[in-house]
Amino acid sequence: MLRALLLTLSVVAIAQAELCKPDAQNAFKVRISIKTALGDNAYAWDANEEYLFKAMVAFAMRRYSSKSTTQISNVLLCNVTDRVSFWFVVTDSSTNVTTVPGSEVEAAIRMTRNRINSAFLLSDKTLQFLKITSTLSPPVEPSTPVWLIVFGVVLCLIVAGIVFLIVSGIQKHKKKNKESAERENLEEKVEVTLENGIPCEALDLKAGRINGVFAADDERFTSL
Amino acid sequence: LSGAPEIPKEDSRPQWDNKFQYILSCIGFAVGLGNVWRFPYLCQIHGGGAFLIPYFIALLFEGIPLLHLELALGQCLRKGSIGAWNTISPYLEGVGVGSWMVSVLVSLYYNIVLTWVMWYFINSFQEPLPWSVCPLNENRTGFNEECYESTAVNYFWYRKTLNITPDIAESGTLQWWLILCLATCWAIVYLCTIRGIETTGKAIYVTAIFPYLVLTIFLIQGLTLPGATDGLIYLFTPNLNSLKNPRVWLDAATQIFFSLSLAFGGLIAFASYNPTKNDCEKDAVAVAIVNSMTSLYASIPVFCVLGFKATTAYWDCLDRNIINIIDEFDLPEESIMRQNYTSWISFLNSSYPEKFAGLKLKSCNLQEFLDQSVSGTGLAFIVFTQAIILMPGSQAWAILFFIMLFSLGLSSMFGNIEGVFTPLLELRIIPKSAPKELLSGIICLISFLIALCFTLGSGSYWIDIFDRYAGSVPLLVIAFFEVIGVVYIYKIKRFSKDVERMTGRKLNLYWQITWRLISPLLLLIVFMAFLTLQMQKPPSYTAWNPKYEGFPMKEEKVYPPWVQAICVLLAAFPCVCIPLVALFHLVKQKRRSKDPSFGPPQVFSCQGANS
């Protein structure tokens, strides 16, 4: 009885070893870089973390095909290295000797990638599934490109400056024209009231227009 | 009325508000983008500290004498370049016309460089900086191929900014974003030069002093960066063997000449707005020394940053190799660090040679990264922008850096525009009653329209052509004729008396020797050497071609014949003006001598020149 049990266990173990080995069919290599991601807060990779990993993969398989009955024991891990890298394979829950096709596992993992990452506090780059590529998220782009806004501000300032300078130049020009025009007017008025270099007002006061000498001579001659 | 004061002749001609404005304008004109991106490069490739020896010799025997000559000429004759040379001798008016033409050509393409700087400036307000990440390709599975093969910085410069075509013969389309920036740049130039030196004199306070502030900030920041000392040691370690190469001496002479912006006519224009009794000798020495000191001062932060960039590239190379090794050999993380990298490599190579060779690791050598030297636009828009991404607070550094470049370029543009504006003003192109604002507006508008050609896809190839041919050979020729004209046609004895009247001191023996003999000889040698070097190989250029098999290396191509013809035209046209205009005046004189009613042309002296 005991021997039969031991025999079946060893057969199962050998079978499992056959299923999970590097480059086996439907097996995936995982590489984890905890120290790169967390630095001083890095945790050690031990059997408990492996258990969590198996649980997450089982969870992913269950989510993917809702009727799935994948158990944690269906996820096999092997060849764990110090790097922290290992291979894993998912066995079919109905028959414990065949593995789930790789495409299904890949699709399941892709669907639940975020949850798996956050369970380990890692990212796509630090928790790598070597054959499963991730789609990159597009960069956030604002509705109007920022540079247009800055450009608009700069242009408005410059146009305001130019307009201000041109307007002030025109005003200065007009003031200069008005000043020179006033000076010309003043000179004309001065000319009008000059006769022989003597202002007319002065002449009138001195009664210069009517020469009294000649007027007085009229009495010497007899009138006709 | 003997007691009445003389009406000063300076009344009708605009004047500088104070001497400081004038000195600052000359310094701003001389100190330009070349001080930041050409001088450090020359120091690097020509033996570090040893390059300073030919540089200072060239400064002493070529730079300072020519600068003094131009400033004294402008101050004495109180006219722009065309008018001044016409006054010296009508047969030499061609020299003035030549400088005017070179100023026009350089103004056209120089503003495009400022356009690029402005484009980078307005893009620096984003987080993350647009040149730090590659855009994704159409189906979002990876990055854009062109970007991925080269770098994000290269992609942003060649594709997003220039949208460059793979060949100069393919013009491509007008890039609307560059047109917008170009219009803005010309609007800024118009704003600052709208009334000639009245407005540039105020603007220069900002544009000439601001770069020094930013350089100091970068210096302090640069010295704190890791790897900065490596860069500085690399830059300043003198290698005296390099002095045996005549190329080094030629580069020093040309660098001093182009750095001081001689023979553009701009310096003559600036000096012509001075009062006659001004010490032009001290001014010339001051401006030349400040220019050279600025070059040295600017090369320190540049090399700190380059050293930082080389160190980070070296560390990246090491880190990539370490990751590859750890992944392949399944070693625990952080078992191999940068410090014990070499010991691990030798251990692994001896224990597992085939597996190790299968990794195909790239060799990381710090010296190799330091040796990558770049000058010109490559330094500013590729190397520096990459370094800025790595600094903390990159937006602020990028904004500061590009404002600094913009101020440096803008103050040089003022000199270029003044070299175009002043002679046109004196030639009375527009009626006297029309305001100055109209003339400067016309100049800026026409320049903007012509410069639209440079916003095409092939624009940057054309800028290289203009830079290499229009902004180099004609200047040497014009400067040579300037010295010969003043010393042998105007006669140095007369000029010495004029300078003595202006400065109040007798002309030093140093000036006599350099003006009479050394400077013209040096110019002739430099011109000949420059020409022979250009003609040694057919003119070629490097094109950015994503379909090239060696991509991301640039493809070396030869200019097609029609482009070569344009190069020759650009170089020859300003030079050919000199004999053409002399011939024109000769013909005019012959016709005038046949008509006895005209008297002989007036002989003048410096003091008798009317403004």
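**How chain B meets chain A**

Between chain B and chain A, five residue pairs are in polar contact, both at pLDDT 80 or more (N or O atoms within 3.5 Å; within protein, one able to donate a hydrogen and the other to accept it, with residues adjacent in sequence counted only if both atoms are side-chain atoms). On the chain B side, helix H6 (93-122), helix H9 (176-193), helix H10 (197-224) and helix H14 (280-329) each put at least two residues against chain A; helices here are DSSP runs of H or I with at least four residues, and strands are E runs of at least two, numbered from the N terminus. H9(B) chips in the largest share, nine residues.

This is a predicted model, in which local features need pLDDT of at least 70 and side-chain atom pairs count only at pLDDT 80 or more, while totals for chains, interfaces and linings use all residues. Side-chain values use heavy atoms, leaving out hydrogens and water.

As for the overall footprint, 32 residues of chain B are in contact with 31 residues of chain A (heavy atoms within 4.5 Å). About 2700 Å² is buried between the two chains, with carbon and sulfur atoms giving 68%; this is the accessible area (1.4 Å probe) lost on being put together, summed over both parts. Four salt bridges turn up across the interface (side-chain nitrogen of Lys or Arg within 4 Å of a carboxyl oxygen of Asp or Glu). Arg31(A) and Asp327(B) form a salt bridge at 2.9 Å, N to O.

Turning to chain A itself, eight helices and six strands are found, running α-β-α-α-β-β-α-α-β-α-β-β-α-α from the N terminus.

Methods
Residues are numbered from 1 along each chain as its sequence is written. Chains are lettered from A and ligands numbered from 1 in the order in which they are written.
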